[in-house]
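Okay everyone, thanks for coming. Let me put the model up, and then I'll walk you through a few spots in it.

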Amino acid sequence: MASTFNVHEASGYDQLMGRWSRKLAPNFIEFAGISEGERILDVGCGTGSLTFELAKHADLKEIQAIDFSPVFVAAAKSRNTDPRISIQQADATALPFDDGSFDRAMALLVLHFVPDASRAIAEMRRVVRPGGVVAAVVWDHMGGMTGMRIVVDTLAAFSEGGRQLRDKYVFQPMTQPGEMRKAFVEQCLEQVDQNELLLRMDYLNFADFWAPFAGGEGSIGKFVGALAPDNLGPMTAAVRDAYEAGRPDGPRSFTSVAWACRGVVNTR
Ligand SMILES: C[S@@+](CC[C@H](N)C(=O)[O-])C[C@H]1O[C@@H](n2cnc3c(N)ncnc32)[C@H](O)[C@@H]1O
(Lines give C-alpha, C1' and ligand atoms only; values in the text may rest on other atoms or scores of the structure.)
Protein backbone atom coordinates (compact mmCIF):
# COMPACT_ATOMS: atom_id res chain seq x y z
CA MET A 1 0.00 0.00 0.00
CA ALA A 2 1.45 3.39 -1.04
CA SER A 3 -0.85 5.61 1.02
CA THR A 4 -3.05 5.35 4.11
CA PHE A 5 -4.73 8.67 3.44
CA ASN A 6 -8.51 8.51 2.97
CA VAL A 7 -9.57 10.89 0.20
CA HIS A 8 -13.24 11.78 -0.06
CA GLU A 9 -13.74 15.26 -1.55
CA ALA A 10 -11.24 18.07 -2.16
CA SER A 11 -13.62 20.63 -0.63
CA GLY A 12 -14.10 18.48 2.48
CA TYR A 13 -10.34 18.06 2.79
CA ASP A 14 -9.91 21.82 2.65
CA GLN A 15 -12.35 22.20 5.55
CA LEU A 16 -10.75 19.38 7.54
CA MET A 17 -7.08 20.18 7.00
CA GLY A 18 -6.40 22.36 3.95
CA ARG A 19 -7.34 25.53 5.82
CA TRP A 20 -4.72 24.67 8.46
CA SER A 21 -2.05 23.40 6.06
CA ARG A 22 -2.35 26.74 4.22
CA LYS A 23 -1.60 28.45 7.53
CA LEU A 24 1.32 26.10 8.24
CA ALA A 25 2.87 26.37 4.75
CA PRO A 26 4.61 29.79 5.19
CA ASN A 27 6.20 28.62 8.47
CA PHE A 28 7.38 25.43 6.78
CA ILE A 29 8.84 27.37 3.83
CA GLU A 30 10.71 29.60 6.27
CA PHE A 31 12.03 26.51 8.08
CA ALA A 32 13.06 24.75 4.84
CA GLY A 33 14.53 27.94 3.36
CA ILE A 34 14.23 28.84 -0.31
CA SER A 35 16.49 30.86 -2.61
CA GLU A 36 16.14 32.76 -5.85
CA GLY A 37 16.05 30.73 -9.05
CA GLU A 38 15.41 27.38 -7.34
CA ARG A 39 13.50 24.37 -8.63
CA ILE A 40 11.29 22.94 -5.88
CA LEU A 41 9.41 19.64 -5.59
CA ASP A 42 6.24 19.52 -3.46
CA VAL A 43 5.72 15.85 -2.52
CA GLY A 44 2.11 15.00 -1.62
CA CYS A 45 0.74 18.38 -2.69
CA GLY A 46 -2.90 17.54 -1.91
CA THR A 47 -5.07 20.45 -3.00
CA GLY A 48 -1.98 22.68 -3.25
CA SER A 49 -1.48 24.45 0.09
CA LEU A 50 2.31 24.38 -0.20
CA THR A 51 2.43 24.58 -4.01
CA PHE A 52 0.54 27.86 -4.19
CA GLU A 53 2.29 29.32 -1.15
CA LEU A 54 5.61 28.61 -2.87
CA ALA A 55 4.30 30.32 -6.00
CA LYS A 56 3.95 33.57 -4.02
CA HIS A 57 7.75 33.69 -4.21
CA ALA A 58 8.13 35.23 -7.64
CA ASP A 59 11.83 34.48 -7.88
CA LEU A 60 11.43 30.66 -7.84
CA LYS A 61 12.14 29.12 -11.24
CA GLU A 62 10.02 25.96 -11.19
CA ILE A 63 7.58 24.20 -8.86
CA GLN A 64 6.76 20.55 -9.53
CA ALA A 65 4.03 18.97 -7.41
CA ILE A 66 2.95 15.33 -7.12
CA ASP A 67 0.23 13.55 -5.17
CA PHE A 68 -1.00 9.96 -4.99
CA SER A 69 -4.65 11.00 -5.16
CA PRO A 70 -6.07 11.77 -8.64
CA VAL A 71 -8.91 13.67 -6.92
CA PHE A 72 -6.47 16.07 -5.26
CA VAL A 73 -4.29 16.35 -8.39
CA ALA A 74 -7.37 17.40 -10.40
CA ALA A 75 -8.37 19.93 -7.71
CA ALA A 76 -4.88 21.44 -7.53
CA LYS A 77 -4.60 21.58 -11.32
CA SER A 78 -7.94 23.37 -11.58
CA ARG A 79 -6.61 26.13 -9.29
CA ASN A 80 -3.35 26.62 -11.17
CA THR A 81 -2.70 29.61 -13.40
CA ASP A 82 1.07 29.83 -12.85
CA PRO A 83 3.22 28.54 -15.77
CA ARG A 84 6.05 27.68 -13.35
CA ILE A 85 3.84 25.04 -11.67
CA SER A 86 3.38 21.46 -12.95
CA ILE A 87 1.18 18.99 -11.08
CA GLN A 88 0.92 15.23 -11.67
CA GLN A 89 -0.22 12.01 -10.06
CA ALA A 90 2.70 10.01 -8.64
CA ASP A 91 3.85 7.96 -5.66
CA ALA A 92 6.27 9.55 -3.19
CA THR A 93 8.08 6.21 -2.93
CA ALA A 94 8.76 6.08 -6.70
CA LEU A 95 9.22 9.68 -7.83
CA PRO A 96 9.12 10.13 -11.64
CA PHE A 97 12.16 12.43 -11.75
CA ASP A 98 15.85 12.01 -12.55
CA ASP A 99 18.51 12.11 -9.86
CA GLY A 100 19.42 15.62 -8.72
CA SER A 101 16.56 17.35 -10.57
CA PHE A 102 15.66 19.78 -7.76
CA ASP A 103 17.25 22.24 -5.35
CA ARG A 104 14.73 21.31 -2.66
CA ALA A 105 12.12 18.60 -2.04
CA MET A 106 9.46 19.40 0.52
CA ALA A 107 6.59 17.37 2.01
CA LEU A 108 3.88 19.16 4.01
CA LEU A 109 1.84 16.79 6.23
CA VAL A 110 2.50 13.76 4.01
CA LEU A 111 5.05 11.33 5.47
CA HIS A 112 2.74 10.09 8.25
CA PHE A 113 0.42 8.78 5.52
CA VAL A 114 3.13 6.89 3.63
CA PRO A 115 3.53 3.38 5.06
CA ASP A 116 7.13 3.20 3.79
CA ALA A 117 8.01 6.77 4.79
CA SER A 118 11.76 6.02 4.82
CA ARG A 119 11.51 5.06 1.16
CA ALA A 120 9.82 8.41 0.43
CA ILE A 121 12.64 10.26 2.23
CA ALA A 122 15.19 8.26 0.19
CA GLU A 123 13.37 9.23 -3.01
CA MET A 124 13.29 12.91 -2.01
CA ARG A 125 17.02 12.70 -1.34
CA ARG A 126 17.65 11.04 -4.72
CA VAL A 127 15.89 13.72 -6.76
CA VAL A 128 17.62 16.63 -4.96
CA ARG A 129 21.03 17.81 -6.18
CA PRO A 130 24.09 17.51 -3.94
CA GLY A 131 24.02 20.41 -1.50
CA GLY A 132 20.24 20.76 -1.85
CA VAL A 133 17.69 20.34 0.94
CA VAL A 134 15.06 17.73 1.85
CA ALA A 135 12.42 18.97 4.30
CA ALA A 136 9.26 17.49 5.76
CA VAL A 137 6.71 18.31 8.40
CA VAL A 138 4.17 16.06 10.17
CA TRP A 139 1.77 16.71 13.04
CA ASP A 140 2.65 15.54 16.54
CA HIS A 141 -0.43 13.32 16.79
CA MET A 142 0.30 12.03 20.28
CA GLY A 143 1.11 15.24 22.10
CA GLY A 144 0.43 18.17 19.82
CA MET A 145 -3.07 17.89 18.37
CA THR A 146 -5.49 19.15 20.99
CA GLY A 147 -8.57 19.28 18.77
CA MET A 148 -8.01 15.88 17.14
CA ARG A 149 -7.38 14.23 20.51
CA ILE A 150 -10.81 15.44 21.65
CA VAL A 151 -12.30 13.46 18.78
CA VAL A 152 -10.21 10.28 18.85
CA ASP A 153 -10.18 9.97 22.65
CA THR A 154 -13.96 10.34 22.76
CA LEU A 155 -14.42 7.74 20.02
CA ALA A 156 -12.00 5.43 21.88
CA ALA A 157 -14.14 5.62 25.03
CA PHE A 158 -17.16 4.31 23.11
CA SER A 159 -15.96 1.22 21.29
CA GLU A 160 -13.10 -1.15 20.54
CA GLY A 161 -13.14 0.14 16.93
CA GLY A 162 -12.73 3.70 18.22
CA ARG A 163 -9.90 2.61 20.47
CA GLN A 164 -8.09 0.96 17.54
CA LEU A 165 -8.59 4.12 15.45
CA ARG A 166 -7.14 6.29 18.26
CA ASP A 167 -4.18 3.99 18.85
CA LYS A 168 -3.34 3.95 15.14
CA TYR A 169 -3.76 7.72 14.85
CA VAL A 170 -1.39 8.62 17.68
CA PHE A 171 1.34 6.30 16.41
CA GLN A 172 1.25 7.10 12.69
CA PRO A 173 4.70 6.88 11.05
CA MET A 174 7.17 9.72 11.74
CA THR A 175 4.99 11.39 14.40
CA GLN A 176 6.94 10.32 17.51
CA PRO A 177 9.60 12.57 19.06
CA GLY A 178 12.86 12.21 17.13
CA GLU A 179 11.42 9.63 14.70
CA MET A 180 11.68 11.75 11.57
CA ARG A 181 15.10 13.05 12.54
CA LYS A 182 16.34 9.45 12.92
CA ALA A 183 14.90 8.52 9.51
CA PHE A 184 16.59 11.51 7.85
CA VAL A 185 19.95 10.51 9.36
CA GLU A 186 19.43 6.87 8.30
CA GLN A 187 18.82 8.07 4.74
CA CYS A 188 22.27 9.73 4.81
CA LEU A 189 21.03 13.30 4.93
CA GLU A 190 23.48 15.66 6.60
CA GLN A 191 23.18 18.64 8.94
CA VAL A 192 19.81 17.23 10.00
CA ASP A 193 17.81 19.72 12.01
CA GLN A 194 14.42 19.12 13.66
CA ASN A 195 12.21 21.79 15.11
CA GLU A 196 8.62 22.33 16.22
CA LEU A 197 6.14 24.55 14.39
CA LEU A 198 3.08 25.73 16.30
CA LEU A 199 -0.23 27.02 15.05
CA ARG A 200 -3.73 27.43 16.41
CA MET A 201 -6.78 25.87 14.77
CA ASP A 202 -9.62 28.34 15.34
CA TYR A 203 -13.21 27.14 14.91
CA LEU A 204 -16.38 29.23 14.75
CA ASN A 205 -18.52 26.66 16.56
CA PHE A 206 -19.06 22.91 16.92
CA ALA A 207 -20.61 22.61 13.45
CA ASP A 208 -17.48 24.17 11.92
CA PHE A 209 -15.30 21.72 13.89
CA TRP A 210 -17.37 18.58 13.27
CA ALA A 211 -18.60 19.01 9.66
CA PRO A 212 -15.57 17.47 7.90
CA PHE A 213 -15.66 14.38 10.15
CA ALA A 214 -19.42 14.02 9.67
CA GLY A 215 -18.78 14.42 5.92
CA GLY A 216 -16.44 11.41 5.86
CA GLU A 217 -13.08 13.16 5.47
CA GLY A 218 -9.83 11.51 6.53
CA SER A 219 -9.50 8.25 8.46
CA ILE A 220 -11.55 9.62 11.37
CA GLY A 221 -14.30 10.75 9.00
CA LYS A 222 -14.31 7.31 7.36
CA PHE A 223 -14.82 5.72 10.79
CA VAL A 224 -17.57 8.20 11.74
CA GLY A 225 -19.30 7.71 8.38
CA ALA A 226 -19.50 3.94 8.94
CA LEU A 227 -21.16 4.23 12.38
CA ALA A 228 -24.72 3.00 12.79
CA PRO A 229 -27.18 5.82 13.66
CA ASP A 230 -27.63 4.36 17.17
CA ASN A 231 -23.91 4.86 17.83
CA LEU A 232 -23.40 8.04 15.81
CA GLY A 233 -25.84 10.13 17.85
CA PRO A 234 -24.30 9.47 21.31
CA MET A 235 -20.74 9.75 19.97
CA THR A 236 -21.46 13.08 18.28
CA ALA A 237 -23.07 14.34 21.50
CA ALA A 238 -19.99 13.29 23.50
CA VAL A 239 -17.58 15.01 21.09
CA ARG A 240 -19.79 18.11 21.22
CA ASP A 241 -19.65 18.00 25.02
CA ALA A 242 -15.83 17.83 24.91
CA TYR A 243 -15.72 20.71 22.40
CA GLU A 244 -18.09 22.93 24.38
CA ALA A 245 -16.66 21.96 27.79
CA GLY A 246 -19.63 23.21 29.74
CA ARG A 247 -20.04 26.58 28.07
CA PRO A 248 -22.41 27.57 25.23
CA ASP A 249 -21.39 26.57 21.71
CA GLY A 250 -19.18 29.12 19.96
CA PRO A 251 -15.56 29.76 18.96
CA ARG A 252 -12.84 27.51 20.32
CA SER A 253 -9.11 27.65 19.58
CA PHE A 254 -6.89 24.54 19.74
CA THR A 255 -3.10 24.37 19.62
CA SER A 256 -1.42 22.15 17.05
CA VAL A 257 2.26 21.30 17.03
CA ALA A 258 4.13 19.87 14.05
CA TRP A 259 7.55 18.26 13.83
CA ALA A 260 9.59 19.83 11.04
CA CYS A 261 12.80 18.25 9.81
CA ARG A 262 15.33 19.21 7.16
CA GLY A 263 18.61 17.76 5.93
CA VAL A 264 21.21 18.52 3.30
CA VAL A 265 22.01 16.07 0.49
CA ASN A 266 25.56 14.75 0.67
CA THR A 267 27.89 16.61 -1.70
CA ARG A 268 30.08 13.54 -2.34
C1 LIG B 1 -2.80 15.52 4.91
S2 LIG B 1 -2.68 15.51 3.19
C3 LIG B 1 -1.54 16.87 2.91
C4 LIG B 1 -1.74 17.49 1.56
C5 LIG B 1 -1.01 18.82 1.38
N6 LIG B 1 0.42 18.64 1.36
C7 LIG B 1 -1.43 19.77 2.45
O8 LIG B 1 -0.60 20.04 3.33
O9 LIG B 1 -2.58 20.21 2.44
C10 LIG B 1 -1.69 14.10 2.85
C11 LIG B 1 -1.42 13.95 1.37
O12 LIG B 1 -0.42 12.96 1.18
C13 LIG B 1 -0.75 12.29 -0.01
N14 LIG B 1 -0.04 11.02 -0.05
C15 LIG B 1 -0.13 10.00 0.85
N16 LIG B 1 0.67 8.99 0.47
C17 LIG B 1 1.30 9.37 -0.67
C18 LIG B 1 2.22 8.76 -1.55
N19 LIG B 1 2.72 7.52 -1.33
N20 LIG B 1 2.64 9.44 -2.63
C21 LIG B 1 2.17 10.69 -2.88
N22 LIG B 1 1.28 11.32 -2.09
C23 LIG B 1 0.84 10.67 -1.00
C24 LIG B 1 -2.25 12.15 0.05
O25 LIG B 1 -2.83 11.80 -1.19
C26 LIG B 1 -2.64 13.53 0.57
O27 LIG B 1 -2.83 14.44 -0.46
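So, what do the buried residues of H8 pack against? There's quite a list: H1, helix H5 (146-158), strand S6 (190-203), H9, helix H10 (229-244) and strand S7 (252-264). Keep in mind that this is a predicted model. The buried residues in H8 are Phe206, Asp208, Phe209, Trp210, Pro212 and Phe213. And if you're wondering about the spacing, an α-helix has 3.6 residues a turn, so residues three or four places apart point the same way.

Now look at the two ends of this helix. At the N-terminal end, Asn205 acts as the cap of H8, with a side-chain oxygen 3.2 Å from the backbone nitrogen of Ala207. Just past H8, there's Gly216, whose phi is positive, about 90 degrees.

Okay, on to the holes. How many cavities of 30 Å³ or more are there? The count is 2. The second largest cavity is about 30 Å³ in volume. Its lining is made of Gln15, Leu16, Arg19, Trp20, Met148, Tyr203, Phe209, Pro212 and Phe213. Two elements, H1 and helix H8 (206-214), each give two or more residues to that lining. H1 has the largest share, with 4 residues. Sort the lining of this second largest cavity by class and you get 7 nonpolar, 1 polar and 1 charged.

The largest cavity has a volume of about 220 Å³. It has 19 lining residues, and the ones closest to the centre are Phe5, Leu16, Met17, Phe113 and Tyr169. You've heard Leu16 already, in the lining of the second largest cavity. Helix H1 (10-32) and helix H9 (218-225) each put at least two residues into the lining of the largest cavity. Which element gives the largest share there? That's H9, with 4 residues. By class, the lining of the largest cavity splits into 12 nonpolar, 6 polar and 1 charged.

Next, the ligand. There are 22 residues around the ligand, and Ala2, Tyr13, Ser21, Gly44 and Asp67 come nearest. Let's zoom in on some atoms. In the side chain of Ser21, an N or O atom sits 2.7 Å from an oxygen of the ligand. For Gly44, a polar backbone atom is 2.7 Å from a ligand nitrogen. And Asp91 has a side-chain N or O atom 2.9 Å from a nitrogen of the ligand.

Swing over to another helix now, H4, residues 117-127. Ala117, Ala120, Ile121, Ala122, Glu123, Met124 and Val127 are buried there. What covers these buried residues of H4? The cover includes strand S1 (39-43), strand S4 (102-108), strand S5 (128-139) and helix H7 (179-186).

Last stop: Asp202, which lies in strand S6. Why does Asp202 count as partly exposed? Because its relative accessibility is 39%, and partly exposed runs between 20% and 50%. Leaving out residues up to four places away in sequence, Asp202 touches Trp20, Lys23, Asp208, Arg252 and Ser253. With Ser253 there's a side-chain to side-chain polar contact of 2.5 Å. And here's one to find on the screen: Asp202 and Gly147 are 55 residues apart in sequence, and their C-alpha atoms are 9.7 Å apart in space.

Okay, that's my tour, so over to you for questions.

Terms used: Residues are numbered from 1 along each chain as its sequence is written. This is a predicted model: local features need pLDDT of at least 70, side-chain atom pairs count only at pLDDT 80 or more; totals for chains, interfaces and linings use all residues. Side-chain values use heavy atoms; hydrogens and water are left out. On a 1 Å grid over the protein atoms alone, a cavity is a set of points where a 1.4 Å probe fits but cannot get out, and a pocket is an open set with protein on both sides within 12 Å along at least five of seven lines; lining residues have an atom within 4 Å of a point. Grid points are joined across faces, edges and corners, and a volume is the space filled by probe spheres set on the points. Ala, Val, Leu, Ile, Met, Phe, Trp, Tyr, Cys and Pro count as nonpolar, Asp, Glu, Lys and Arg as charged, and the others, Gly among them, as polar. Buried means under 20% relative accessible area, exposed over 50%, partly exposed in between (1.4 Å probe, protein chains only). Contact means heavy atoms within 4.5 Å. A polar contact is a pair of N or O atoms within 3.5 Å; within protein, one must be able to donate a hydrogen and the other to accept it, and residues adjacent in sequence count only if both atoms are side-chain atoms. A residue is near a molecule or strand if one of its heavy atoms lies within 4 Å of it.
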